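Please walk through the arrangement of helices and strands in the model shown here, beginning with a helix pair and then turning to a sheet.

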Amino acid sequence: MEKTLNFLNQNHDRFEQELIDVLKVPSISALPDHTQDMQTMANMLRDEMQKIGLDNARIIETDGHPVVYSEWLSAPKKPTLLIYGHYDVQPVDPVDLWSSPPFEPVIRGDRIFARGSADDKGQIYIHLKAIEACLATQGDLPVNVKLLFEGEEEVGSIHLEDFIKEHQEMLAADYVVISDTPMFREGYPGITYGLRGLAYLQVDLRGTSTDLHSGSFGGLVKNPINALVEILAQMKDGEGRILIPGFYDDVLPITENEHTKLSKLPFSAREFAHNIGAPTLFGETGYADLERLWARPTFDINGIWGGFQGEGAKTVIPAEAHAKVSMRLVANQDPADIAQKFTAYVESLIPESMEAAIKALHGGFGYVTDLDNPGLLAGVRALEKAFGKEVDFLREGGSIPIVKVFADIIQAPVLLMGYGLPDQNAHAPDENFSLNNFHKGIESIVYFFEEIGELQV
Ligand code: BES
Ligand code: MN
Ligand code: MN
């Protein structure tokens, strides 16, 4: 162990340089112009896996962006970890709001700024560097590992579910480990034991075959934008409760134990509101702030368009109106069931004179893992050793839809050991990752391999 920790110290600067190199690749999964960059990124990861001594490192093609896989399975009778992460990143718009170009990584203070630094390349590099350090100094690992990095997480992991089903044997593991979540506060490690799910839909309304003069026709036809906002206004009541019939049927309440843990976390609504430039926080009555964020579902309009958007005025009744909406779900809500309930409710509200199309775009289940799981407790011990602070027990408002698929198909608990920070600006300008977390994170994974290696399988 001493040797491994020395190796981390000696290679401190090289690790940062290698992270910089991968952050230069604009692996934006959503944009077809970047298909080549996705391939470049996958190649770099495969080469890195080979270099650090992982076996069978290879790129596996899918119908979308490729998966990168490798393994080290020479620890007989020891547990097997499936370490998952994603090498794709979000688009960079609005690019003018970045303090430095998104694919020219720069270090300011303790933070490295680049698209993908926190979400998720910095976090997958934590695992690669921990494995490298162990193999270089010990010649082996105290656990078996399988690494699976995908290139489509930010576009809903479209092909990964089938991939997992087709490669069930190759991916068999005792625990799934994911570093793709933030910590709650700087300096304090966190374990995330719950994620929200998601149902994302688009609603298209058509009133007439073309746009109409609002003087010559107004009063005789129903305006589709008026109709759409009337419909969407009926999704929530004044208390923030969602009105879709049956929406809350499967919602699991949080346990007493969780309540206690949650209320121990320092959370200032004022500070939180201030940081996002909001006058106050807002939400469903009857629930604490963190409970609303982590354990209650939401309904949000993500975009709404139609009609005249240009400068000045144009007297028109538009032919069409559109909206994108999403609902963050909690265990045990089923995204397909929720999409269907939303669709039925919207259909019941559509005026007779109007044509509507409602499309489900993507979705995923939420997830909660057992707080007494031995693997989770091994993670807690490792994080506390590296960071020298007690672990925060967290749920997250965000989603990693593939987590529930792992839990069901691999039939293993999913451990979410994340090293991001609340002000990491994921998906936004000036995304950044703490270098302290990067290095402490590597150390914590070295400890984690030891800790989890001691568990029975
Ligand atoms: N790393 C995030 C998930 C996340 C975000 C976890 C915030 C915890 C807190 C992941 O890359 C992500 O962005 N997920 C998407 C999923 C969507 C594209 C299906 C999300 O949550 O919007
Ligand atoms: Mn992510
Ligand atoms: Mn993301």
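At what angle do helix α2 and helix α3 pack, and how far apart are their axes? In this predicted model, helix α2, which spans residues 12–23, packs against helix α3, residues 35–51, at an angle of about 155 degrees, and their axes are 10 Å apart. Because angles over 145 degrees count as roughly antiparallel, α2 is roughly antiparallel to α3. On the α2 side the contact is made by E18, D21 and V22, while α3 contributes M41, M44, E48 and K51. Sorted by class, this contact of α2 with α3 has three nonpolar and four charged residues, and no polar ones.

The second element to consider is a sheet. Four strands form an open sheet in the order β11-β13-β9-β14, and their pairing is antiparallel. The edges are occupied by β11 (300–306) and β14 (355–364), each of which has a single partner strand, so that one side of each is left without a neighbour in the sheet. Neighbouring strands of this sheet are turned against each other by 15 degrees on average, with direction ignored. For the edge strand β11, six bridges join it to β13 (residues 320–329), and the two run antiparallel; I304 stands opposite A323 in β13.

Helices also lie across these strands. Helix α7, residues 224–232, lies across β9 (197–206), β11 and β13, and runs at about 15 degrees to β13. Helix α11, residues 335–349, lies across β9, β13 and β14, running at about 25 degrees to β9.

Technical notes. Residues numbered from 1 in each chain as written. Chains lettered and ligands numbered in written order. Predicted model: local features only at pLDDT ≥ 70, side-chain atom pairs only at ≥ 80, totals over all residues. Heavy atoms only, no water. Axes fitted to C-alpha atoms, helices over the stretch in contact; angles between N-to-C directions. Parallel < 35°, antiparallel > 145°, perpendicular 65-115°, else oblique. Contact = heavy atoms within 4.5 Å. Nonpolar A, V, L, I, M, F, W, Y, C, P; charged D, E, K, R; others polar. Pairing = 2+ DSSP bridges.
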